[in-house]
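Biologist: I should like to learn how to read a sheet, the helix packed on it and a chain interface. Where should one begin?

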There are 2 protein chains.
Amino acid sequence: MQLTKISLAAPYLLYLGDVPDLHHAKTGAGIAHWRPEHCAGQMRLPNCPVDLGLPEMTLQDAAAAGVKTVIVGVAPMGGAIPDHWIPQLIRLAAAGFDIAAGMHMKLADMPDLVAAASKSGAKLIDVRVPPKGIPVGTGRLRSGKRVLMVGTDCAVGKKYSALALHRELERRDIKSTFRATGQTGIMIAGEGIPIDAVVADFISGAAEQLSPDNDDDHWDVIEGQGSLLNPSYSGVSLGLLHGSQPNAIVLCHDAMRMEIDGCGGDYPIPELDEVIDDALRMARLIRKQCFCAGVSVNTSQMDDFHRDAYLSRLQSELGIPCVDPVATGMTPIANFLLKFAP
Amino acid sequence: MQLTKISLAAPYLLYLGDVPDLHHAKTGAGIAHWRPEHCAGQMRLPNCPVDLGLPEMTLQDAAAAGVKTVIVGVAPMGGAIPDHWIPQLIRLAAAGFDIAAGMHMKLADMPDLVAAASKSGAKLIDVRVPPKGIPVGTGRLRSGKRVLMVGTDCAVGKKYSALALHRELERRDIKSTFRATGQTGIMIAGEGIPIDAVVADFISGAAEQLSPDNDDDHWDVIEGQGSLLNPSYSGVSLGLLHGSQPNAIVLCHDAMRMEIDGCGGDYPIPELDEVIDDALRMARLIRKQCFCAGVSVNTSQMDDFHRDAYLSRLQSELGIPCVDPVATGMTPIANFLLKFAP
């Protein structure tokens, strides 16, 4: 049977090369932050200014620590691995470590790396490349519970919100799984499907594969993609919404985002109650009882005083928990979710 | 520059092989019905029971008639061209005719055909394979007017309705173009993009390419795909809706369809006013003035008496023209469209 999900074997060695700053190593930083237990160490070239605080490892250290996968945890300029990183990656592949990356330039298109991996039996895993064999969605309702992050736009904190909500559920010993739909999320989760890279006919089928039948008291916390409001990516978002058939959604927003990004200012973001209403109408085509468990807002540009005022006003307008997942935490949303999910 | 649209050169020779019945030659029949002026003739194997009423042609006849493209206008069992058809297709490709097909088995995967075409310079055109170089959608509002067919489900007459509406506009000397989004539509139009075969991130970008800027008084009549209600394909439908940024939609429905097809009966089709309302809410995220110009219903299973009663009741409930595109025609919808489009 073909895998219909990408899967990375832990523990990981995070490869940073000589990436110029932490911004370009966001993926690695995210993995180290959310899954420290999977990160055995980091490997860097001389003079790399970025340090994720993990044990520094040589190839021999990594082998001794039982590392299974080397994750290229950076987003280099131009989406390609710099030439001077390649010899080290080839040595790692030749030593049998799987190599995973999420760049535009594929590992599978680097002949020397492919040769080394094929000789040692290591896998090269391009997390932007969807697995083969994804079926068309069926709409069959699955067992278990699901909560999906939906956004007012791209890059408003859907991945962070999902991870924070998942952590909050875990803290309460509630059975739950974070389900990744984008490249960084997949590297953090160690598995997932890059939903926006799937052929259009199979979007909801991919989402169905991603959160299969589960125990009745198990929650899948599903990373969102794009936005129903974003004219570039709304198809991805609706296919993911329908395939996820969520019991609840969480609206993710950036308080500074006044209009849809990248569309030249033609698309102001509507009032959040309208956004929630539209999303629920679409969600309820598949699962009639779907509700919104709260709003998770990036308010990092506000001081505490303005944040409190903003979130309080929003919460009294909408009548559901409104939080900043970093500054105030996901506890109220988790409470609301668990209280009202049937 | 790479083509971002499939394009077939007319005139056509419709190749039918020895297809067993008209049902399996629906594509060819559609081309002959809607674009007789592009169809120079038909070519069949001995004992082919299907006759599209076009001039019978040999390879020499086709060359003399200036045929540019041979269209395999059939849907063979299993999606593959039968072995005994291949020698004739190879001779046609070797003689320099482009070959177009829309089957699951690709022409590009038939080595002898590829060799013959490459030697003669003929093109092999798989209309299920999207063109390369489709960009991400931008949401930029384009000039010209657009009307998109939206469906209560798959296979409810969206292509037929679009073609009939386009013909009605042409009859009135209104500038208009039929825009094809599926394989049969592409063969009829001679161009288009198979929207459901595009990678998810590029659905709306493909739709934007398909109906570019145009004269202010020009109408693009756009073939729909899937349905916002269909859990398997809703992502395709929303991406197409947003990329098409229609001024108006026409709802297409099959009067016998009580529930979404292929989903095990879990999804009854809602009242049509709700379906229209949902579609307009989504459409108006991009173009605020979008309206529904009518409902086009396949009532072929009804007698005249029941059809009249059904369409009258629907029209009085919805307050917009409700027609059967075959039995009663698209005139009322064209009238409504032209009267209320700003």
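Modeller: Let us begin with one bridge in this predicted model. Leu13(B) has Val70(B) in β4(B) as its bridge partner. β2(B) and β4(B) run parallel, joined by four bridges.

Biologist: In what order do the five strands of the open sheet in chain B stand?

Modeller: The order is β3-β2-β4-β5-β6, and the pairing is parallel. Because β3 and β6 (124–126) of chain B each have a single partner strand, they stand at the edges, with one side left without a neighbour in the sheet. From one strand to the next, the twist averages 25°.

Biologist: Which strands of the sheet does α1(B) touch?

Modeller: The helix α1(B) packs on the sheet through β2, β3 and β4 of chain B, and its direction makes about 150° with that of β2(B).

Biologist: How should the buried residues of a helix be read?

Modeller: An α-helix has 3.6 residues a turn, so residues three or four places apart point the same way. In α1 of chain B (residues 26–34), the buried residues are Thr27(B), Gly28(B), Ala29(B), Ile31(B), Ala32(B) and Trp34(B). Their cover includes the strands β2 (12–17), β3 (39–44) and β4 (69–72), together with the helices α5 (158–171) and α6 (183–189), of chain B.

Biologist: How many residues of chain B are in contact with chain A?

Modeller: There are 33 residues of chain B in contact with 33 of chain A. Helices α7 (203–210), α8 (234–244) and α9 (272–284) of chain B each supply at least two residues of that side. The largest share, six residues, comes from α8(B). By class, this side of chain B has 17 nonpolar, 10 polar and six charged residues.

Note on methods. Residues numbered from 1 in each chain as written. Chains lettered and ligands numbered in written order. Predicted model: local features only at pLDDT ≥ 70, side-chain atom pairs only at ≥ 80, totals over all residues. Buried ≥ 20, exposed ≤ 12 C-beta atoms within 10 Å, placed from the backbone. Contact = placed C-beta atoms within 7 Å. Pairing = 2+ DSSP bridges. Axes fitted to C-alpha atoms, helices over the stretch in contact; angles between N-to-C directions. Nonpolar A, V, L, I, M, F, W, Y, C, P; charged D, E, K, R; others polar.
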